[in-house]
Amino acid sequence: MKNIVVVGSQWGDEGKGKIVDWLSEQADVVIRFQGGHNAGHTLVIDGVTYKLRLLPSGIVRKNKISVIGNGVVVDPWALLDEIKELKSKGIQIDIKNLIISESANLILPFHREMDEIREDAAGKGKIGTTRRGIGPAYEDKVGRRSIRVMDLRSEQNLDQRLESVLLHHNAIRKGLGKKIFEKDQLRKDLLKIAPQILQYSQPVWLKINEFKRQKKKILFEGAQGILLDVDHGTYPFVTSSNTVASSAATGTGCGPNSINYVLGITKAYTTRVGEGPFPTELKDETGELLGTRGKEFGTVTSRKRRCGWFDGVLVRQTIKISGINGIALTKLDVLDDLEEIKICIQYELDGKKIDYLPAAVEDQLKIKPVYKTFPGWKTSTKGVKNINKLPENAKKYIFAVEDFIETKISSISTSPEREDTILIENPFEI
Ligand code: GDP
Ligand code: IMO
Ligand code: MG
């Protein structure tokens with residue numbers, strides 16, 4: 001039996017959805033364990049594009065079980081919309097193939113509003129969040145005043161919990177000169193959709209235990225990337241959850257010994273959406289070219305993603321932090337036209353060379369990348385499925401990346417399509 005956790009090794013949008021979808025052929029269960037509908041995972045299957053936000057990427061395949069773990073924050077309306085949208089594309093979703101943790105915390109409209117109020121008030125100091133209410137919802141969870149899926153079962157319970165969470169929110173709203181949030185309409189709205197959500201709700205820890213007994217193969221699907229982790233990322237320009245692989249255990253209720261392999265998804269260059277440090281960012285024609293060729297626009301907010309060279313120092317660091325065993329290198333084809341390609345191998349901070357990302361954001365903003373330059377291959381790699389068919393210079397670039405990050409590249413993606421992937425080492429068979 002083999003359970004694999006898939007995580008993003010950069011700032012998100014590395015192509016996790018594509019790789020999870022590709023790997024899910026070999027899995028029985030696909031589980032999301034953190035984040036919410038700030039995630040946007042794109043799958044392209046025979047020319048048809050699916051954009052998933054909350055639902056695990058295994059949902060598009062028949063006979064797979066999809067699970068939303070307790071660590072995910074769930075906007076119930078966003079979830080129902082997503083289910084409806086996928087059903088309209090012919091995907092089967094019912095209580096046989098979708099399970100939602102009864103302990104998952106809800107994102108409610110006042111969370112989304114608080115996210116917006118704070119981002120608007122912050123002006124230049126904003127984080128550039130997806131404005132989905134992710135941060136405020138996780139704050140309420142840790143503040144022990146959150147409303148969870150199971151609270152939809154009882155009107156009285158729901159009323160009491162809304163009272164307590166709104167006491168907190170309305171104090172802040174009043175302080176910021178905003179209208180107070182009324183409880184009664186929200187309670188009614190929630191009760192109306194409660195049966196639709198509750199039909200999927202189960203104790204996920206118990207189900208996972210059952211899956212393990214049945215020797216089912218589990219694929220844990222991370223959202224965001226390690227550099228957006230609330231502890232290990234470029235704080236405060238991060239998301240509000242732990243995006244590292246060990247979150248798969250806490251975000252579902254299985255122990256760390258249920259994880260056998262951690263696969264890091266890594267783009268062959270770097271992107272970031274939102275504000276915050278980005279040492280290898282290219283604000284020139286090459287950056288524009290990467291953005292255009294890579295179609296680097298956010299799946300969730302349509303914002304233009306910032307683009308830059310591959311940062312080996314960062315990826316080597318996130319591999320260590322997250323215990324990554326192997327890498328799926330994505331979007332190699334985006335580099336096809338470039339004359340030369342650079343990899344950041346060190347930083348310079350106040351005249352000194354350093355080999356890791358300093359923890360303080362002030363230093364992260366100051367560091368200068370030191371590059372190693374490689375010749376481009378100027379040949380199309382789009383759709384290549386066999387490593388021997390790659391141009392020599394592309395192979396040299398890949399081996400240099402592998403060498404530098406000290407980790408095996410176990411697959412390479414050469415287009416958005418599911419099957420356009422080079423398999424070097426199957427993580428399910430290690
Ligand atoms: P995720 O959030 O990590 O799942 O990534 P996104 O789906 O937000 O962004 C990745 C984008 O790159 C999507 O539009 C994918 O369809 C696309 N993509 C994934 N792999 C490749 C690849 O190898 N080549 C190209 N050109 N596009 C890819
Ligand atoms: P996937 O799963 C890229 C970024 C936002 C912002 C910061 C905080 O598709 O890789 P939040 O709304 O989470 O409070 O925003 O995190 N962010 C992502 N960037 N991909 C994502 O998800 C992201 N989810 C959040 O842009 O900078
Ligand atoms: Mg994405």
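## Magnesium site

The magnesium ion (ligand 3) has two protein donors, Asp13 (OD) and Gly40 (O), at 2.0 to 2.2 Å. Donors here are N, O and S atoms within 2.8 Å of the metal (3.2 Å for Na, K and Ca), and water is not among the atoms, so sites may look incomplete. The pair joins distant parts of the chain, 27 residues apart: Asp13 lies in the loop between β1 (4-8) and α1, and Gly40 in the loop between β2 (29-32) and β3. Helices (H or I, at least four residues) and strands (E, at least two) are DSSP runs, numbered from the N terminus.

Asp13 counts as partly exposed because its relative accessibility is 22%, whereas Gly40 counts as buried because its value is 12%. Buried stands for under 20% relative accessible area, exposed for over 50%, and partly exposed for what lies in between (1.4 Å probe, protein chains only).

## Basis of the model

This is a predicted model, in which local features need pLDDT of at least 70 and side-chain atom pairs count only at pLDDT 80 or more, while totals for chains, interfaces and linings use all residues. Residues are numbered from 1 along each chain as its sequence is written, chains are lettered from A and ligands numbered from 1 in the order in which they are written, and side-chain values use heavy atoms, with hydrogens and water left out.

## Surroundings of ligand 1

The shell around ligand 1 has 18 residues, of which Lys16, Gly40, Thr42, Asp333 and Ser413 come nearest; a residue is near a molecule or strand if one of its heavy atoms lies within 4 Å of it. By class, the shell divides into 2 nonpolar, 9 polar and 7 charged residues. Ala, Val, Leu, Ile, Met, Phe, Trp, Tyr, Cys and Pro count as nonpolar, Asp, Glu, Lys and Arg as charged, and the others, Gly among them, as polar. Both α1 (16-23) and β3 (41-45) supply at least two residues of this shell, and α1 gives the most, with 3 residues.

Polar side-chain atoms of three residues lie close to oxygen atoms of ligand 1: Ser413 at 2.5 Å, Lys331 at 2.8 Å and Arg305 at 3.2 Å. A polar contact is a pair of N or O atoms within 3.5 Å; within protein, one must be able to donate a hydrogen and the other to accept it, and residues adjacent in sequence count only if both atoms are side-chain atoms. Of the 580 Å² of accessible area that ligand 1 has on its own, the protein covers 93%. Accessible areas come from the Shrake-Rupley method with a 1.4 Å probe; for residues, only the protein chains shown count as cover.

## Surroundings of ligand 2

Ligand 2 has 20 residues around it, and Asp13, Lys16, His41, Thr130 and Thr239 come nearest. Its shell divides into 7 nonpolar, 10 polar and 3 charged residues. Asp13, a donor of the magnesium ion, is thus named among the nearest residues of ligand 2, and Lys16 is named for both ligand 1 and ligand 2.

Backbone atoms of several residues lie close to oxygen atoms of ligand 2: an N or O atom of Gly40 at 2.9 Å, an N or O atom of Gly128 at 3.4 Å and a polar atom of Gln224 at 2.8 Å. The protein covers 98% of the 550 Å² of accessible area that ligand 2 has on its own.

## The ten-stranded sheet

An open sheet of 10 strands, with mixed pairing, runs in the order β9-β7-β5-β2-β10-β1-β11-β15-β19-β20. Its edge strands, each paired on one side only, are β9 (201-202) and β20 (421-423). Two strands pair if DSSP finds at least two bridges between them.

β15 (residues 326-330) and β19 (residues 408-413) are parallel partners over 4 bridges. Gly326 stands opposite Lys408, and Leu329 opposite Ile412. β19 also pairs with β20, in the antiparallel sense, over 3 bridges; there Ile412 stands opposite Ile422. Of the 6 residues of β19, 5 are buried.

## Backbone features in loops

Most residues other than glycine have a negative phi, and most peptide bonds are trans. Arg131 and Lys331 are not glycines, yet each has a positive phi of about 60°. Arg131 is in the loop between α3 (109-122) and α4 (134-142) and is partly exposed, at 26% relative accessible area. Lys331 is in the loop between β15 and β16 (340-349).

The peptide bond from Tyr235 to Pro236 is cis, with omega near 5°, and Pro236 is in the loop between β10 (218-221) and α8 (247-250).
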